[in-house]
Amino acid sequence: MGYSKSVYGRADRILSERRLTAQRNADKAQQSFYSAYPIAREIEHKLTHTFTNIARATLSGDHEKLLEIKKENLELQRKLAQVYALAGISEEDLKPKYTCSHCNDKGNVDGVACDCYINLLKQIACDDLNLRSPLSLSDFESFDLSYYPEECRHKMSNILSYCSNYAENFNSNSDSVIMTGGTGLGKTHLALAIANEVIKKGKGVIYITAPDMVSTLEEYQFGRETEESEVTPKILSDCDLLIIDDLGTEFLNNFSKGAVYNVFNSRITRGNPTIINTNLTIQELEKNYTDRFVSRVTGYCRRLHFEGSDIRILKKMRGIK
Ligand SMILES: [Zn+2]
């Protein structure tokens with residue numbers, strides 16, 4: 001199972017609402033058209049008749065009759081087109097306008113899930129998860145370079161520009177990133193600022209701390225998840241951007257190391273970008289995690305190393321919360 005039951009339920013409800021709204025609007029448009037132009041209904045009835053007669057005449061081989069009915073049919077089509085022109089609409093305007101013209105908002109075509117349904121599931125699952133994260137707290141504008149010592153400011157300014165460009169140009173081919181550096185240097189701030197911008201582009205973004213990710217995956221793995229469980233291996237692999245904050249603060253054991261590796265590796269395999277934040281140095285990562293994880297991270301991630309003094313302490317000193 002990929003997502004929680006409630007995610008599927010809500011996606012199905014949204015699709016059925018889209019379908020009903022499209023059909024209701026089409027019904028309304030048809031009613032007002034036919035009440036203003038009742039002749040259209042008459043012509044359409046006659047047209048239906050001629051189609052049946054064409055089929056009959058074709059079957060009986062009566063060519064003369066067939067020609068006669070075809071002529072009548074063309075004449076009726078011409079008249080109907082005139083009525084539409086008079087009303088200033090086309091036949092298409094009376095048909096339901098579905099959000100997805102591929103599946104007509106059914107969510108599947110011949111039993112195969114439509115992309116619109118897959119994206120909807122992803123969007124709902126990400127929205128759910130982000131309800132409990134501090135996403136709304138950070139943007140690029142509030143990232144204050146004046147907190148950084150003179151000697152680090154240029155480097156941090158480059159990091160800020162990189163992150164802001166990253167967010168602006170985010171797509172499925174974007175790099176994965178590892179942000180390293182001590183506590184309180186603005187890693188979470190910039191990661192959340194990226195998340196906010198990417199979400200505005202309509203992408204599915206998940207921000208989660210490493211301890212939360214590991215504990216929910218543990219519940220999932222050992223079957224303790226409830227039907228409403230939101231974090232599933234599927235959404236962690238499939239979301240457009242996954243941000244794992246505070247890597248290294250989770251309880252380290254074989255399960256957690258394997259879980260972190262599996263999530264990151266499955267995203268690489270799918271070509272989905274990940275942002276990892278950690279207070280650990282690369283040497284500490286090597287000490288705490290498996291070689292294959294560290295080699296994946298260093299091989300696939302662009303590294304942004306944050307420098308400076310703990311901004312939270314500086315803010316306290318300046319009396320800013
Ligand atoms: Zn569709």
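## Strand β3 and its partners

In this predicted model, 5 of the 5 residues of β3 are buried, so this strand is largely enclosed by the rest of the structure. Both faces of β3 are covered, with Ser176, Ile178 and Thr180 buried on one side and Val177 and Met179 buried on the other.

β3 is paired with β7 in the parallel sense over 5 bridges, and within this pairing Ser176 stands opposite Cys301 of β7. β3 also runs parallel to β6, to which 4 bridges join it; here the bridge partner of Met179 is Asn277 in β6.

## The sheet as a whole

These strands belong to an open sheet of 5 strands, whose order is β4-β5-β6-β3-β7 and whose pairing is parallel. The edges are taken by β4 and β7 (301–305), each of which has a single partner strand, so one side of each is left without a neighbour in the sheet. Neighbouring strands of this sheet are turned by 15 degrees against each other on average, when direction is ignored.

On the β4 side of the order, β5 (residues 241–247) pairs with β6 (residues 274–278) in the parallel sense over 4 bridges, and Leu242 has Thr274 of β6 as its bridge partner. β4 and β5 pair in the parallel sense over 5 bridges, with Asp245 in β5 as the bridge partner of Thr209. Although β4 stands at an edge, 4 of the 5 residues of this strand (residues 205–209) are buried, so β4 is largely enclosed by the rest of the structure.

## Helices lying across the sheet

Helix α5 (residues 150–168) lies across β3 (176–180), β5, β6 and β7, and runs at about 140 degrees to β7. Helix α7 (residues 210–221) lies across β4 and β5, running at about 95 degrees to β4.

α7 also packs with helix α9 (residues 254–270), at an angle of about 100 degrees and with the two axes 10 Å apart. That angle makes α7 roughly perpendicular to α9. The contact is made by Met213, Val214, Leu217, Glu218 and Gln221 of α7 together with Phe255, Ser256, Ala259, Val260 and Val263 of α9; by class, this contact has 7 nonpolar, 2 polar and 1 charged residues.

## The pair α2 and α3

The axes of helix α2 (residues 38–60) and helix α3 (residues 63–87) come within 9 Å and cross at roughly 155 degrees. Angles over 145 degrees count as roughly antiparallel, and α2 and α3 are therefore roughly antiparallel to each other. Their crossing is left-handed.

Among the residues of α2 that take part in the contact are Ile39, Ile43, Leu47, Phe51 and Ile54, while those of α3 include Leu66, Ile69, Leu76, Leu80 and Val83. The residues of this contact divide into 13 nonpolar, 5 polar and 6 charged, the charged residues including Glu44 and Lys46 of α2 and Lys65 and Glu72 of α3.

## The surroundings of Phe143

Phe143 is found in the loop between α4 (115–130) and α5. At 8% relative accessibility, Phe143 counts as buried, since the cut-off for that class is under 20%.

Leaving aside neighbours within four places in sequence, Phe143 is in contact with Tyr148, Met156, Leu160, Leu185, Gly186, His189 and Leu190. Phe143 and Glu168 are 25 residues apart in sequence, and their C-alpha atoms are 16 Å apart in space.

Conventions. Residues are numbered from 1 along each chain as its sequence is written. This is a predicted model: local features need pLDDT of at least 70, side-chain atom pairs count only at pLDDT 80 or more; totals for chains, interfaces and linings use all residues. Side-chain values use heavy atoms; hydrogens and water are left out. Buried means under 20% relative accessible area, exposed over 50%, partly exposed in between (1.4 Å probe, protein chains only). Helices (H or I, at least four residues) and strands (E, at least two) are DSSP runs, numbered from the N terminus. Two strands pair if DSSP finds at least two bridges between them. Axes are lines fitted to C-alpha atoms, for helices over the stretch in contact, and angles run from 0 to 180 degrees between N-to-C directions. Angles under 35 degrees count as roughly parallel, over 145 as roughly antiparallel, 65 to 115 as roughly perpendicular and the rest as oblique. A crossing is left-handed if the near helix is turned anticlockwise from the far one by less than a right angle, and right-handed if clockwise. Contact means heavy atoms within 4.5 Å.
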